[in-house]
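Open the model in your viewer and show it as a cartoon. The tour goes from the whole chain to single residues.

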Amino acid sequence: MRIAVTGSIATDHLMTFPGRFADQLVADQLHTVSLSFLVDNLDVRRGGVAANICFGMGLLGTEPILVGAAGSDFDEYRAWLDRHGVDTGSVRISEVLHTARFVCTTDADHNQIGSFYTGAMSEARLIELKAVADRVGGLDLVSIGADDPEGMLRHTEECRSRGIPFAADFSQQIARMDGDEIRILLDGATYLFSNEYEKGLIESKTGWTDEEILAKVGHRVTTLGARGVRIERAGQDPIEVGCPEEETKADPTGVGDAFRAGFLSGLAWGVGLERAAQVGCMLATLVIETVGTQEYTLRRAHFMDRFTKAYGQDAAAEVRTHLS
């Protein structure tokens, strides 16, 4: 099963200031702030929702196709993804813009000052999925994640016109989208991904009830934080899957992306919705135990031991075949 994952490709530059921002602000001079902070640490992390999802799928051996736009500074990141089983041959490289970047400084009180540079991500709207499909011999599913909004709309419309099944996954972009855009992006989706808060926001912005949305999508996949995930289909009982026990809780960033990576990999394996959700929850647990969205490792014996403990021998036997 050939799955293309569209969405953002970015790097995060995270710095730590040992003092307090508040101590550097002069109340009657806030209209003309000019500050420079000497920071202690710089942590550069690979990110972007599409790259994060593809990284997890690559670890699971499902050879995802990354579709997005990056800058000429993407070479090192591309090599990292290639080494971890990701097909990066359909990434558009901008001739004039850098890869999207989030730069953030955090002070001793955990206050943050950050900036997000969209950069090459704005060129995602120029990517044609037909060219991707022709290169790899066809597409069975396209996951449309947070990206340049015009790019998301173009990919969705192209999937509809070419009859390619697609998953709608707005995540960070849902806050800036209006009801009309959300209606276009979800109508006819084979899968609709969101967390609980986003689920309510989708219903509020579109004016559609839960039942009306279920009538317009094949499956509604809602992540529930520590409670796992719920999968709903019109006219059928929901499937609910819990999370494995955590060994530690280091950083929640990227947990949703990891769930999607596991779930999509399960679909590629053909193991069914419940098993796919279990794989997603297991992979998400590995990420929450690690600082960084692509810093975790997948040791197959360890993965299967924990998977078996969480979901039982029968589930493990079905998944083990594909992992090995």
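Start with the whole chain. This is a predicted model. The protein chain has 324 residues and a radius of gyration of 20 Å, which agrees with the value near 20 Å for a compact globule of that length. Rotate the C-alpha trace: along its principal axes it spans about 60 × 45 × 40 Å. Now color by secondary structure. The protein chain has 11 helices and 14 strands.

**Stop 1: a pocket**

Rolling a probe the size of a water molecule over the atoms shows where empty space is left. Go to the second largest pocket, which holds about 220 Å³ of space. Which elements give two or more residues to its lining? They are S2, S3 and helix H2 (75–83). Select the lining as sticks: Thr11, His13, Val44, Arg46, Asp73, Phe74, Glu76, Tyr77, Thr99 and Arg101. Color these residues by type. The lining of the second largest pocket divides into 3 nonpolar, 3 polar and 4 charged residues.

**Stop 2: a surface patch**

Next, select Leu25, Leu30, Val33 and Leu35. Switch on the surface. These side chains form a nonpolar patch there, with about 350 Å² of accessible area together. Where does leucine 30 lie? Leucine 30 is in the loop between strand S2 (10–16) and strand S3 (41–47). Both strands also contribute to the lining of the pocket at Stop 1.

**Stop 3: a salt bridge**

The whole structure contains 24 salt bridges. For one of them, select arginine 125 and glutamate 150. Their closest N and O atoms are 3.2 Å apart. Arginine 125 sits in the loop between strand S8 (112–117) and helix H3 (129–136), while glutamate 150 belongs to helix H4 (residues 149–162), so the pair ties together parts that are 25 residues apart in sequence.

Terms used:
Residues numbered from 1 in each chain as written. Predicted model: local features only at pLDDT ≥ 70, side-chain atom pairs only at ≥ 80, totals over all residues. Heavy atoms only, no water. Patch = residues over 30% accessible without salt bridge, like charges linked within 9 Å, V, L, I, M, F, W, Y side chains within 5 Å. Areas by Shrake-Rupley, 256 points an atom, 1.4 Å probe, with all protein chains shown as cover. Salt bridge = Lys/Arg side-chain N within 4 Å of Asp/Glu carboxyl O. Helix = DSSP H or I, 4+ residues; strand = E, 2+ residues; numbered from the N terminus. 1 Å grid on protein atoms, 1.4 Å probe; cavity = no way out; pocket = protein on both sides within 12 Å on 5 of 7 lines; lining within 4 Å. Points joined across faces, edges and corners; volume = space filled by probe spheres on them. Nonpolar A, V, L, I, M, F, W, Y, C, P; charged D, E, K, R; others polar. Rg over C-alpha atoms; globule rule 2.2 N^0.38 Å.
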